[in-house]
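This report describes a single protein model for a reader who works with computed structures. The account begins with a loop residue and then widens to the sheet, a buried serine pair and the nonpolar core.

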Amino acid sequence: MRKKIWAALLLLTAAVNVAAWNSQAFCDWHVAHLFPLSVNVYGRLMSIFPFSVGEGMIVLAVLFTAAAVLMVPARIFVRGGRGKRLISFFCRAWAWTFLGVFMIMTWNCFILYHASEFDETYMADRAQRTYTDRELIQVRNHIVKELNALTEELERDEDGLLVYRGDMKREAIAAMQGLGEEYGLLAGYYPQAKEIAASDFLSQQYMMGYYFPFSMEANYSTSMYIANVPATLCHELAHLKGFIYEDDANFIGFLACIRSEDPFYRYSGYLSVLSYVESEYRKASGKQEFDCPGVAGSVRDDDIFLTSEAWEKVEEKAVVETAVVKAASSQFTETTLVINGVSDGMKSYSRVVRLLLEYYDGILYNCAQDGGAVLAEASAG
């Protein structure tokens, strides 16, 4: 009977995945009506714990997998008695665990990859437009001007590093809930983001945080430079609302930060997209000369992943070389994205520039009226 139940649940979950691949409407309905239960119920429960439950689950998963590998040869040599019963119990536990993982990943992750992206939901008209270097330059100049102005307002220590005195976790929730007043899918309850104990190892993967679907937690690294924290918190919280694509989460994190009343948050938001915009700008400026403002030195200094001191500590504690960890992490992420239908893999991270061009349409320029010509140097937040 138990085998029949297991098989039925496996087939049902597989059928849900087939439906997700073939019906965006089904996935959008799931994101709007079913997925929020994960945060509102399970996410609330996990928020009781002050530590990252997801991180603990990863450790248990590694141990469980190692035990499973050892059980394979054990089944050959153990043929009876208590040992055989123990192995049989472990195999059943592994089978049900596999099913549970498949079901949770389907509900909290796989389906989300086939739902509408942010601009399809909230900027559908602009998502169909074509943008040129003129619009890119307007967006780039606006971001640079905002950063150059904000960097003068922020507190720094004697080494020139940024200092923050407020409660970043609470401000992240406030920023996201504020965004939810305009974008309905982002409204509602958010658990506080949790620090990752193994932040140094995460840094070796060049990751600032992660969304863990098994505990519905937004996790972030404590090793990264403080300027990255606000945008990262909002980025990971965006995943908890069903926006699984990295470019969507990047954009939502940016938008939540720049609309905050906290200048540190606004600075982090603009800084989080600077490298993406500058990369596209350099490609454009290679074709012709543009009269554009330069990025302030302090902004350039803040546009880092880790400080040099933090990197030294990471390398001192490293069990495996950073290059090896980064390569393995990149390959895993690339494979995961491609398997879930993101054909260009990690290149999707840079699609945030396209979202920025769409967002600023009607603020810095109006492509609907003039086909792309710049209308105004309007101030935007």
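## The β2-β3 region

Met-216 lies in the loop between β2 and β3, where strands (E, at least two residues) and helices (H or I, at least four residues) are DSSP runs numbered from the N terminus. This is a predicted model, in which local features need pLDDT of at least 70 and side-chain atom pairs count only at pLDDT 80 or more, whereas totals for chains, interfaces and linings use all residues. Residues are numbered from 1 along each chain as its sequence is written, and side-chain values use heavy atoms, with hydrogens and water left out.

Met-216 has a positive phi of about 50° although it is not a glycine. With a relative accessible area of 0%, Met-216 is buried; buried means under 20% relative accessible area, exposed over 50%, and partly exposed in between, with a 1.4 Å probe and protein chains only.

The two strands beside this loop belong to an open sheet of three strands, ordered β1-β3-β2 with mixed pairing. β1 (194-195) and β2 (209-212) stand at the edges with a single partner strand each, so one side of each has no neighbour in the sheet. Strands β2 and β3 run antiparallel and are joined by four bridges; two strands pair if DSSP finds at least two bridges between them. Phe-212 stands opposite Glu-217 in β3.

## Ser-221 and Ser-199

Ser-221 is found in the loop between β3 (217-220) and α10 (229-239), while Ser-199 is placed in helix α9 (residues 199-204). The table sets out the burial of these serines and the polar contact of each side chain, a polar contact being a pair of N or O atoms within 3.5 Å; within protein, one must be able to donate a hydrogen and the other to accept it, and residues adjacent in sequence count only if both atoms are side-chain atoms.

| Residue | Relative accessibility | Side-chain polar contact |
|---|---|---|
| Ser-221 | Ser-221: 1%, buried | Ser-221 to backbone nitrogen of Ser-223: 3.1 Å |
| Ser-199 | Ser-199: 2%, buried | Ser-199 to backbone oxygen of Ile-196: 2.5 Å |

Contact means heavy atoms within 4.5 Å. Not counting residues up to four places away in sequence, Ser-221 touches Ile-196, Ser-199, Leu-202, Ser-203, Met-207, Met-208 and Gly-209. On that basis, leaving out residues up to four places away, Ser-199 touches Tyr-220, Ser-221, Thr-222 and Ser-223. The C-alpha atoms of Ser-221 and Tyr-210, eleven residues apart along the chain, are separated by 8.8 Å.

## The nonpolar core and helix α12

The largest nonpolar core has 89 residues, and those with the most contacts inside it include Ile-143, Phe-251, Phe-254 and Leu-356. Such a core is a set of buried Ala, Val, Leu, Ile, Met, Phe, Trp, Tyr and Cys residues joined through side-chain atoms within 4.5 Å. Helix α12 (residues 263-285) gives the most to this core, with nine residues. Leaving aside neighbours within four places in sequence, Leu-356 is in contact with Val-139, Ile-143, Phe-251, Phe-254, Val-273, Val-277 and Tyr-365.

At the N-terminal end of α12, Asp-262 acts as a cap, with a side-chain oxygen 2.8 Å from the backbone nitrogen of Phe-264. A kink of about 40° in α12 is centred on Leu-274.

## The protein overall

The protein has 17 helices and three strands. Of its 381 residues, 45% count as buried. Among contacts between residues at least 6 apart in sequence, 74% join residues at least 24 apart.

Notes. Bend = angle between axes of the 7 residues up to and from the residue.
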